[in-house]
Amino acid sequence: MTDTNPPVPLFDLSRQWLEVKDDVHAALDRVFATQHFILGPDVPALERECADYLKVKRAVGVSSGTDALLSALMCLGVGHGDEVITTTYTFFASAGVIWRLGAKAVFVDITADDFNMDPVALAAAITPRTRAIMPVHLYGQACDMDAIRKVAGDIPIVEDCCQAIGTEYNGVSVGGLGTFGAFSFFPTKNLGAFGDAGLVTTNDEALGERMVDMRVHGMRPKYVHHFVGGNFRIDAMQAAILRVKLPRLNGWIAKRQEGARHYRRLFTEAGLLGHITPPPELPGRGHTYHQYVVRAERRDALREHLGTGGLGTEVYYPISLHEQDCFTELGYAKGAFPVAEKAETEVMAMPIFPELRADERERMVAGIAAFYRG
Ligand SMILES: Cc1ncc(COP(=O)(O)O)c(C=O)c1O
């Protein structure tokens with residue numbers, strides 16, 4: 001690596017900071033002036049704006065994506081003796097929240113093309129104890145929600161939209177396709193806060209009201225508790241910052257999509273399609289590219305080669321959830337979910353953040369081409 005060849009980071013938030021910083025400072029000054037940090041006016045304002053953006057009836061700001069999933073399951077009354085079905089190939093939180101409620105996480109495999117819940121496997125996993133189904137719109141591409149909804153019937157669906165804000169499934173925003181949607185505003189997400197924050201969406205007014213109380217210990221009115229909830233409140237400062245960023249989200253998503261098209265062109269031109277499989281864009285699934293994840297031949301050696309040249313990549317995820325030590329007692333053996341286990345060895349995320357420059361994408365692909373040329 002030389003001065004003329006600086007590293008290409010997997011992610012660099014400092015570039016976005018330059019774009020938003022004046023507006024963020026102004027928004028924070030407004031919060032500081034009110035000194036209203038807990039559920040201050042920016043919280044309901046953000047919730048209205050998110051509900052409009054996502055075209056859902058209710059949007060409730062919460063403390064993180066994890067708490068969005070947890071509190072949604074709590075609103076559905078999930079607990080001991082219940083089963084909740086999710087995929088084995090996702091971030092830990094999807095299954096961790098099921099476990100924390102004393103319910104059993106039932107894993108299913110993914111489909112090879114979209115890395116998302118396989119509806120056929122889902123159908124086979126449903127039992128009389130299935131209390132909820134949690135599809136995950138992984139990397140920003142929507143699941144096959146028609147098939148999942150058909151299989152689910154009356155069983156509530158909690159969509160894990162933590163990687164997929166702004167994704168539309170056949171024109172409908174994810175988060176509006178199930179009973180609940182759970183979003184994360186973790187700083188690196190397509191819409192990121194300056195700390196932890198999340199959102200729960202629903203088109204069911206009664207469940208929306210229950211969620212509002214759930215995030216304040218099941219309380220309404222003050223100091224009267226009808227059920228046990230938690231402190232799942234979104235921070236007013238985070239809400240104010242997210243309001244600065246939300247109007248820019250579609251522009252940022254368009255840049256991610258443009259970057260994905262560029263990568264595909266570069267892979268084709270470099271004759272790399274025998275070694276690299278770019279993410280498929282499935283009809284109606286609206287990929288918003290939270291992650292740009294390819295399948296790569298000899299993935300680990302390739303990553304090592306790229307890393308030596310300062311070219312950033314990551315693996316989401318190297319270990320499926322059914323293989324995690326903490327879930328040993330669920331009794332899944334290695335080999336239980338072959339599609340996910342194959343993905344573990346092949347997937348590689350490449351830089352895709354909106355401010356990534358074309359020349360940086362060119363350098364990533366040139367680095368990959370150099371590896372396969374050997
Ligand atoms: C698929 C998925 N589910 C849940 C979460 C949890 O979100 P958070 O980190 O905001 O708690 C994340 C975020 O990393 C995620 O990617």
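Visitor: What order do the 3 strands of the open sheet have, and what pairing?

Guide: In this predicted model, the order is β10-β11-β12, and the pairing is antiparallel. Residues are numbered from 1 along each chain as its sequence is written, local features need pLDDT of at least 70, side-chain atom pairs count only at pLDDT 80 or more, and totals for chains, interfaces and linings use all residues. Side-chain values use heavy atoms, with hydrogens and water left out.

Visitor: What makes β10 and β11 a pair?

Guide: Two strands (DSSP runs of E, at least two residues, numbered from the N terminus) pair if DSSP finds at least two bridges between them. Since β10 and strand β11 (residues 292-296) are joined in the antiparallel sense over 2 bridges, they therefore meet that criterion. As one example, I276 has A296 of β11 as its bridge partner.

Visitor: Why do β10 and β12 stand at the edges?

Guide: Each of β10 (276-277) and β12 (347-350) has a single partner strand, so one side of each is left without a neighbour in the sheet.

Visitor: Which residues come nearest to the ligand?

Guide: Residues count as near when one of their heavy atoms lies within 4 Å of the molecule. Of the 15 residues around the ligand, those that come nearest are G65, T66, D160, Q163 and S184. Among helices (DSSP runs of H or I, at least four residues), α3 (65-75) and α4 (93-100) each supply at least two residues of this shell, and α3 gives the most, with 3 residues.

Visitor: What makes the approach of T66 to the ligand a polar contact?

Guide: The term covers a pair of N or O atoms within 3.5 Å, and a polar side-chain atom of T66 lies 2.5 Å from an oxygen atom of the ligand, which therefore satisfies the cut-off. The corresponding distance for a polar side-chain atom of S184 is 2.6 Å, while an N or O atom in the side chain of K189 is 3.0 Å from an oxygen atom of the ligand. Taken alone, the ligand exposes 390 Å², of which the protein buries 92%, the areas coming from the Shrake-Rupley method with a 1.4 Å probe.

Visitor: What is notable about the phi of Q35?

Guide: Most residues other than glycine have a negative phi, and most peptide bonds are trans. Phi of Q35, however, is near 55°, a positive value in a residue other than glycine, and Q35 is found in the loop between α1 (13-34) and α2 (42-54).

Visitor: Which peptide bond, from R220 to what residue, is cis?

Guide: The bond from R220 to P221 is cis, with omega near -15°, and P221 lies in the loop between α7 (205-214) and α8 (236-245). The bond from Y316 to Y317 is also cis, with omega near 15°, and Y317 has its place in the loop between α10 (299-308) and α11 (338-346).

Note on methods: A polar contact is a pair of N or O atoms within 3.5 Å; within protein, one must be able to donate a hydrogen and the other to accept it, and residues adjacent in sequence count only if both atoms are side-chain atoms.
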